[in-house]
Amino acid sequence: MITIFTYNKLSLTDVSCYFQLEYLNSQSDKPVSVSDKVLFLMLKTDKKEGEISPEDVYPIATRGVVEKIDGEWALVHTTSRVNLDSIQNDGEHFQVQLRTRPEINDIDSEEQQQRFQKMRADLLETLEGTQWLMNARSNIMQWHNLNELITFTSSLLQISNEEKFTILAEDSVSARTEKMEKAFYESLALFKVNVEAQTAQQQSNEQIYREQAIRRQISFLQDELDKLHPENITDIEKFEQKIRDSGMNDTARAEAEKVLNRMKQEGKEGHEYGMLYDYLDFVTSLVWKKEPPAPINLNTARTILDEDHFGLKKTKGRILQQIAVMALNKKQSGSILLFVGAPGTGKTSIGQSIARALGRKYVRVSLGGVRDEAEIRGHRRTYIGAMPGRIMDGIRRSGASNPVVVLDEVDKLVRDYGGDPSSALLEVLDPEQNSTFTDHYMNVPYDLSDVLFVCTANTTDTIPEPLLNRMEVISFPGYSALEKFQIAKKHLLPKAMEKAGITEDNLVVGDDTLRAVISDYTMEAGVRGLKSRLNTLCRAAAVKIVSGEEETVAIKPEDLRSLLETAPIRHDHILEVKNPGIVTGLAWTQAGGEILFIETLFTKGNGRITITGQLGDVMKESVQIAVSLVKSMFPDKAELFEQNDLHIHVPAGAVPKDGPSAGITLTTALASLVTGTAVSPEIAMTGEVSLRGMVMPIGGLPEKLMAAQRTGVQKVFIPEENMDDLAEVAEEVRQAIQIIPMHRVSDVLERAGILQPVSAVA
Ligand code: ADP
């Protein structure tokens with residue numbers, strides 16, 4: 001009699017296993033007792049026991065014997081594997097014919113034991129920390145051999161029934177061991193991955209729960225703190241209110257609320273709190289609401305412009321036109337004016353007057369030396385220290401959404417590795433794009449279309465073409481001595497006195513003193529130096545008044561040296577003696593005009609030409625043209641250039657680009673040299689020359705003529721084509737010097753006394 005169990009576990013030989021007696025009895029016809037035989041049939045599929053047919057079981061089974069009955073438990077020990085030669089199920093019982101399978105014992109039992117020990121250790125290590133191990137550790141420690149390990153873990157390990165059967169069917173112990181090891185380690189690896197994934201999930205859940213709990217705690221504590229200190233109404237509430245009141249557009253509000261939420265989560269101690277605070281502080285202090293255009297009264301505007309600035313008639317006229325157009329269009333912005341001129345000529349301050357005339361806020365944004373696009377467009381908020389760009393910062397400072405913004409020194413933008421700041425500026429100034437100008441720091445668009453932009457520059461040479469095309473250039477040629485006198489008397493001195501707290505009763509500065517300050521202590525096209533000299537005088541006077549030294553201070557020209565604590569400026573003045581080869585020229589610089597002396601000299605040699613001074617390559621070309629022209633005009637003197645070395649000296653000072661305008665001066669100096677005819681130092685000239693001997697137009701004429709007048713020049717030869725520019729030149733300058741238009745080089749040489757007039761020769 002044998003009790004048969006069907007089983008979907010692997011049952012190997014030499015395995016001792018406790019079964020519930022009740023369970024064994026339910027499978028058997030009579031109660032099970034010690035020494036009863038038992039057969040374990042392995043199921044192909046996980047079927048219920050009652051429905052099992054012979055096809056459902058594998059043809060190899062394991063035979064065992066009941067070794068011990070211990071209360072409710074029976075210990076069964078498996079002894080051998082058997083072939084099921086035939087198997088029948090009569091509905092109630094299985095009829096089986098068994099044949100013991102051979103066991104090929106081809107492995108050293110000690111090695112087998114070692115492998116078992118290692119597998120058990122690996123199993124324990126893998127299960128460490130799992131619920132499973134807590135219950136099973138003592139059982140695992142009772143296993144004696146590999147078969148027990150595999151049998152008991154087979155349901156836990158992910159091995160298919162088919163695999164289990166191939167293990168059972170293997171007669172070679174060594175091959176079977178290998179199969180068991182392979183199956184064991186594969187499922188162990190799988191098990192490990194599952195456990196890891198579960199643990200990770202569990203950890204992340206735990207972290208979320210923990211964070212939520214901490215947050216609730218913080219918010220509870222914060223509420224308690226707020227109750228204790230109502231004066232500390234949180235930044236959060238402050239910004240909530242500010243965002244509500246700001247009138248932001250929807251995008252800006254969404255961004256601000258996002259940042260506010262992050263700020264809530266960060267908490268005051270969070271390392272990003274400060275950055276988030278700065279952002280909200282910035283965006284909420286911008287004015288987002290549109291301001292309606294203020295009514296414009298052209299007469300008031302005119303009066304205000306005249307009040308603030310002396311002269312500048314043309315500029316003021318152009319500004320009034322702009323204001324009128326804006327009034328008609330009902331717009332708050334219009335063409336972008338670019339004021340170009342030397343420092344101190346009033347470019348920035350007239351921008352301020354425009355704001356006053358329009359009744360709008362004013363702000364100045366300096367662009368000098370900006371080399372990084374981010375300085376215009378802002379830094380992205382991805383790093384600590386990120387800031388808004390200068391434009392948006394200026395708008396914030398103005399406290400309005402429609403200020404007059406003076407963009408100072410647009411010619412000093414530098415293109416660099418940090419991108420092209422001028423292209424960012426173009427976007428700011430483009431009416432098509434600037435209604436949605438997006439500063440990288442803000443990360444949301446802001447409408448700049450109501451902002452009136454005015455730009456200033458010292459020169460247009462360095463302004464990129466696309467930017468220049470967007471603006472309307474208005475030049476500020478600088479002031480004549482007479483204009484400076486008026487500016488000083490009507491504007492600068494009264495302001496300087498007011499600043500120093502001095503009244504007219506305390507200080508007398510005579511006209512002659514003012515003139516002396518202008519002529520002897522300043523050398524500039526504008527009035528910045530003059531302004532600072534007058535401030536110095538007022539401060540010096542204040543000391544005398546306060547110390548009781550004098551009640552009314554009268555400043556005379558002879559006092560200036562000690563009060564200003566500086567020696568009078570030694571102006572370049574025209575030379576006193578005439579020398580062949582030296583001619584007076586006129587140059588343009590960023591600080592206004594200057595005179596210069598072009599000096600030429602032959603020394604013994606063989607035709608080498610040396611040029612010294614600053615003008616470089618452009619000058620070299622002018623020299624070539626001048627030499628060729630003089631050779632062709634004075635053929636009998638041409639050999640002088642072969643027999644001698646020629647040295648030309650052009651003093652430093654003029655800007656390199658101004659080189660060609662010295663062409664006529666160079667040619668005249670060479671003609672004077674070869675003919676030995678000295679040219680009067682009271683004659684100065686400016687003009688480019690062509691190889692055909694024509695005098696070509698030049699730039700910067702007003703500045704050059706002012707320099708001529710200042711330095712005592714009597715006659716100036718200018719290109720005929722520049723005659724229109726005289727409209728820009730102050731009346732008293734035109735009165736003081738004789739201005740003679742020239743068409744050909746030969747005209748200049750005749751007038752300078754080098755060439756005989758054609759009519760005289762004839
Ligand atoms: P810029 O911008 O051209 O360098 P500013 O506008 O700063 O020059 O002018 C320098 C100073 O000279 C300012 O205080 C300005 O008021 C004064 N100023 C310049 N031109 C005039 C003028 N035509 N009338 C009155 N003040 C002037």
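A polar contact is a pair of N or O atoms within 3.5 Å. With that cut-off in hand, the ligand site is a good place to begin a tour of this structure, which is a predicted model. A backbone N or O atom of Thr345 lies 3.2 Å from an oxygen atom of the ligand, so the pair falls within the 3.5 Å limit for a polar contact. A backbone N or O atom of Ser349 also approaches a ligand oxygen, at a distance of 2.7 Å. From Lys531 the approach is made by the side chain instead: one of its polar atoms is 2.8 Å from an oxygen atom of the ligand. On its own the ligand has 560 Å² of accessible area, and the protein covers 91% of it.

The surroundings of the ligand can be described residue by residue and then by element. The ligand has 18 residues around it, and those that come nearest are Gly344, Lys347, Thr348, Ser349 and Arg528. Sorted by class, this shell holds 7 nonpolar, 7 polar and 4 charged residues. Three helices each supply at least two residues of the shell: α12 (347–358), α17 (481–500) and α19 (528–546). Of the elements that contribute, α12 gives the largest share, with 3 residues. Seen at the level of domains, at least three shell residues come from domain 3 (298–476), and at least three come from domain 4 (481–564).

Lys347 deserves a second look, having already appeared among the residues that come nearest to the ligand. Lys347 is part of helix α12. Its relative accessibility is 7%, so Lys347 counts as buried. Along the chain, Lys347 and His379 are 32 residues apart, and their C-alpha atoms are separated by 30 Å.

Attention now turns to the aromatic residues. A pair of aromatic rings is described by the distance of the centres and the angle of the planes. The count for this model comes to 10 aromatic pairs. One of them joins Phe282 and Tyr441, whose ring centres are 6.0 Å apart and whose planes meet at 85°, an edge-to-face arrangement. Phe282 belongs to helix α9 (residues 273–285), while Tyr441 sits in the loop between β10 (437–438) and β11 (445–446); the pair therefore ties together parts that are 159 residues apart in sequence. Phe282 and Tyr441 are both buried. With Tyr279, these two residues form one aromatic cluster.

Another aromatic pair is made by Phe339 and Phe476. Here the ring centres are 5.1 Å apart and the planes are at 50°, so the pair is tilted. This pair also links distant parts of the chain, as Phe339 is in strand β7 (residues 336–341) and Phe476 is in strand β13 (residues 471–476), 137 residues apart. Both Phe339 and Phe476 are buried.

How much of helix α15 (residues 421–429) is buried? Of its 9 residues, 8 are buried, so this helix is largely enclosed by the rest of the structure. The buried residues in α15 include Pro421, Ser422, Ala424 and Leu425. Leu426, Glu427, Val428 and Leu429 are buried in α15 as well.

Some details of the backbone are also worth pointing out. Most residues other than glycine have a negative phi, and most peptide bonds are trans. Asn443 is not a glycine, yet it has a positive phi of about 65°. Asn443 is placed in the loop between β10 and β11, which is the loop that also holds Tyr441. With a relative accessible area of 41%, Asn443 is partly exposed. Glu565 likewise has a positive phi, near 55°, and is a residue other than glycine. Glu565 is found in the loop between α20 (560–564) and β16 (582–589). Its relative accessibility is 72%, so Glu565 counts as exposed.

Two further residues show how separation in sequence and separation in space can be set side by side. Val66 lies in strand β4 (residues 57–70) and, at 1% relative accessibility, counts as buried. Val66 and Ser35 are 31 residues apart in sequence, and their C-alpha atoms are 5.1 Å apart in space. Ile236 is located in helix α7 (residues 235–246), and its relative accessible area of 14% makes Ile236 buried. Between Ile236 and Val454 there are 38 Å from C-alpha to C-alpha, and these residues are 218 residues apart along the chain.

Technical notes:
Residues numbered from 1 in each chain as written. Predicted model: local features only at pLDDT ≥ 70, side-chain atom pairs only at ≥ 80, totals over all residues. Heavy atoms only, no water. Near = heavy atom within 4 Å. Polar contact = N/O pair within 3.5 Å; in protein donor to acceptor, adjacent residues only side chain to side chain. Areas by Shrake-Rupley, 256 points an atom, 1.4 Å probe, with all protein chains shown as cover. Helix = DSSP H or I, 4+ residues; strand = E, 2+ residues; numbered from the N terminus. Nonpolar A, V, L, I, M, F, W, Y, C, P; charged D, E, K, R; others polar. Domains from an automatic or database assignment. Phe/Tyr/Trp six-rings, centres within 6.5 Å; stacked < 30°, edge-to-face > 60°. Buried < 20%, exposed > 50% of the residue type's maximum accessible area, 1.4 Å probe, protein only.
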